[in-house]
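Biologist: I am new to this structure and would like to learn how to read it. Could you take me through it feature by feature?

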Amino acid sequence: METNKHKANSVAQNSRKRKRKEKGIGKHNDSGGIEKLPDDMLIAILSCMRLKDAVKTSIFSRRWRYLWRFTSGKLVFVDREMETENFKSWVNHILQLHRGRPVDSLIIRFINLVLGPQSSDIDSWVFSAIHKDVKKFELNLKRVEFNLPVQNYEFPNIDKLLSFKYPFVSLKSLILVHVDIEDEVVQYFLASCIYIECLCIRGSSATKNLQVVDPLPNLKKLEVSDCSNIQSMEINAMNLVTCTYQGSKINSPFMKTPNLRELTLGGLFCKSFIFKPNKHSSYSATLVKLVLNLNTRVRKRTNSSPDLPQLHSLKRLELNAVAKIRRGLLFFISLIKASPNLLEFRIELKYTTPDPLRLMPYPSVTWQQARGGFCHKKLKVVEMISFIGYEEERDFLDKIGEIAPSIEKVLIDTRNTHRRDHKLPNSITEEVREQMKSNVRISTKSHAMLMSCRFPLETKVVVK
């Protein structure tokens with residue numbers, strides 16, 4: 001009896017397996033679909049996938065087990081995608097197994113420095129980038145907590161690099177964040193990597209004197225930011241299109257940059273663009289986009305120059321500035337006035353606590369000084385980010401509307417991080433604190449909505 005029952009169960013199971021096979025469920029059918037493609041084509045498909053997804057295909061079958069190891073796409077490692085303590089092991093394991101060469105990109109972003117890897121681990125990642133002949137290499141070791149006594153990773157010196165045969169010969173993009181790289185190594189990349197298009201050095205304390213000098217036929221984008229020991233920089237690059245410099249006060253580095261179109265300035269150097277504009281006249285007239293990060297307050301008051309740089313080609317102007325309650329913003333009207341072909345203007349303000357020893361990095365001017373009888377005929381879009389509703393903000397928007405009747409759209413974003421509850425005592429409960437924050441948000445949005453009535457009906461006003 002039991003034998004017959006067992007046979008019946010076996011027959012039923014075999015029947016179900018046949019049906020599943022007919023429908024293509026279960027094991028892969030070797031006779032159809034993607035399995036007919038050659039390995040090279042399968043590897044090309046896997047190279048277009050995210051690394052984690054490509055690795056997962058190794059469970060499909062014995063044929064698929066090792067295919068991902070020969071991919072040539074992007075190898076991207078971000079520590080926030082997994083438990084931090086496993087990150088180092090994950091990177092090392094994958095780089096040891098991977099055999100693909102050349103590789104389009106190797107991107108490693110390790111943000112958590114508390115449980116960060118040792119220098120020897122990071123050295124091996126750099127050497128992997130050399131062995132794989134990568135086109136794009138990004139090593140981002142950005143600090144989360146600046147108060148931690150953490151020393152930057154030191155990029156291999158020139159002797160270590162030259163111990164390899166033709167290191168980074170195919171490199172097109174190099175991005176280093178909180179990595180100390182010596183001037184000599186930077187010069188090697190610029191002189192030997194003939195395909196390099198993008199160079200970004202951010203937060204390097206070993207970078208002091210840079211020379212970005214032709215022949216650099218492919219260099220289009222350059223960034224040097226927050227390098228605490230920078231002393232000088234010379235930029236003489238005919239094909240450079242986009243540049244960012246945020247840092248200490250140095251002599252103007254732009255020697256010959258006829259194709260420079262987009263520029264971002266920050267730190268104390270940005271102050272010179274406002275107060276000593278004649279130093280920037282050689283390149284400012286060709287700019288199409290300008291971003292000024294006026295976030296560094298100064299100790300010494302400097303009179304503003306009556307003649308700002310004439311930005312005749314400028315189409316978009318972005319300002320990120322510290323601000324103080326009851327401190328006028330009308331100086332920024334002067335920048336709009338200096339840009340007669342401006343189409344888009346964006347300003348984001350961050351309010352700071354009063355400090356008698358620290359002054360705003362821009363002058364205070366009257367409405368007559370700012371306007372000077374000027375009427376802007378091209379400005380189309382105005383964006384104010386982190387709007388709170390202070391009188392100075394409302395007056396600023398009013399004045400822009402007055403000088404630029406051509407405005408078609410105004411965006412007022414009230415989703416700011418600055419709250420008026422920063423002086424509340426700690427004794428206030430969290431519930432009360434949240435209620436007060438909610439009241440501030442409602443009040444801020446009400447001020448923004450009222451601003452829409454101050455513009456012509458044909459102007460579209462968007463409040464967020």
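Modeller: We will go from the whole chain to helices, the core, strands and a few backbone details.

Modeller: Please keep in mind that this is a predicted model.

Biologist: Let's begin with the overview. How many helices and strands are there in the chain?

Modeller: The chain holds 13 helices and 19 strands. Of its 464 residues, 46% count as buried. Contacts tell you about the fold too: among those with a separation of 6 or more, 68% are between residues 24 or more positions apart.

Biologist: Now a helix, please. Which residues of H12 are buried?

Modeller: A general idea helps here. An α-helix has 3.6 residues a turn, so residues three or four places apart point the same way. Now the case itself: helix H12 covers residues 391–403, and its buried residues are Glu392, Glu393, Phe396, Leu397, Lys399, Ile400 and Ile403. These residues lie on the same side of H12 because they cover an arc of only 160 degrees around the axis. As for length, the 13 residues of H12 reach 19 Å from first C-alpha to last, close to the 18 Å expected at 1.5 Å a residue.

Biologist: What do the buried residues of H12 pack against?

Modeller: Three helices and three strands can be found in the list: H10 (331–337), H11 (367–371) and H13 (430–451), together with E16 (344–351), E17 (381–385) and E18 (409–413).

Biologist: I see Phe in that helix. Which residues touch the most other members of the largest nonpolar core?

Modeller: First the general idea: in soluble globular proteins, nonpolar side chains tend to be buried together. Here the largest nonpolar core has 119 residues, and Phe137, Leu139, Phe155, Phe168, Phe189, Phe332 and Phe345 touch the most other members. Take Phe332 as an example: leaving out residues up to four places away in sequence, Phe332 touches Leu294, Leu319, Ala321, Ile347, Tyr362 and Phe396. Phe396 is one of the buried residues of H12.

Biologist: And Phe189, where does that one sit?

Modeller: Phe189 is in helix H7 (residues 183–192), where Asp183, Val185, Val186, Tyr188, Phe189 and Leu190 are buried. The cover over the buried residues of H7 includes helix H6 (158–162), strand E5 (173–177), strand E7 (198–202) and E8.

Biologist: E8 is a strand, then. What is the strand order in its sheet?

Modeller: The order is E8-E10-E12, an open sheet of 3 strands with parallel pairing. Its edge strands are E8 (209–213) and E12 (254–256), each pairing on one side only. On average, neighbouring strands are turned by 15 degrees against each other, direction ignored. Strand E10 (residues 232–236) is joined to E12 by 2 bridges, and Asn236 stands opposite Lys256.

Biologist: Could we look at another strand, with its partners? Is E13 mostly covered or exposed?

Modeller: Mostly covered: 4 of the 5 residues of E13 are buried. E13 pairs with E11 in the parallel sense over 5 bridges, with Thr264 as the bridge partner of Thr244. E13 is also joined to E14 by 5 bridges, again parallel, and there Leu263 stands opposite Leu290. These three strands, E11, E13 and E14, are among the elements that cover the buried residues of helix H8.

Biologist: Last topic: the backbone. What should I look for?

Modeller: Look for exceptions. Most residues other than glycine have a negative phi, and most peptide bonds are trans. In this model, a cis peptide bond joins Arg101 and Pro102, with omega about 0 degrees; Pro102 is in the loop between helix H4 (84–97) and strand E2 (105–109). The bond from Asp214 to Pro215 is cis as well, with omega near 10 degrees, and Pro215 belongs to the loop between E8 and strand E9 (221–225).

Biologist: And which phi value does Asp133 have?

Modeller: Phi of Asp133 is near 55 degrees, a positive value in a residue other than glycine. Asp133 lies in the loop between H5 and strand E3 (136–140) and is buried, with a relative accessible area of 12%. Asp226 has a positive phi of about 55 degrees too. Asp226 is in the loop between E9 and E10, and counts as exposed at 51% relative accessibility.

How values were computed:
Residues numbered from 1 in each chain as written. Predicted model: local features only at pLDDT ≥ 70, side-chain atom pairs only at ≥ 80, totals over all residues. Heavy atoms only, no water. Expected span 1.5 Å × (residues − 1). Buried < 20%, exposed > 50% of the residue type's maximum accessible area, 1.4 Å probe, protein only. Arc of directions from axis to C-beta. Contact = heavy atoms within 4.5 Å. Core = buried A, V, L, I, M, F, W, Y, C linked by side-chain atoms within 4.5 Å. Pairing = 2+ DSSP bridges. Axes fitted to C-alpha atoms, helices over the stretch in contact; angles between N-to-C directions.
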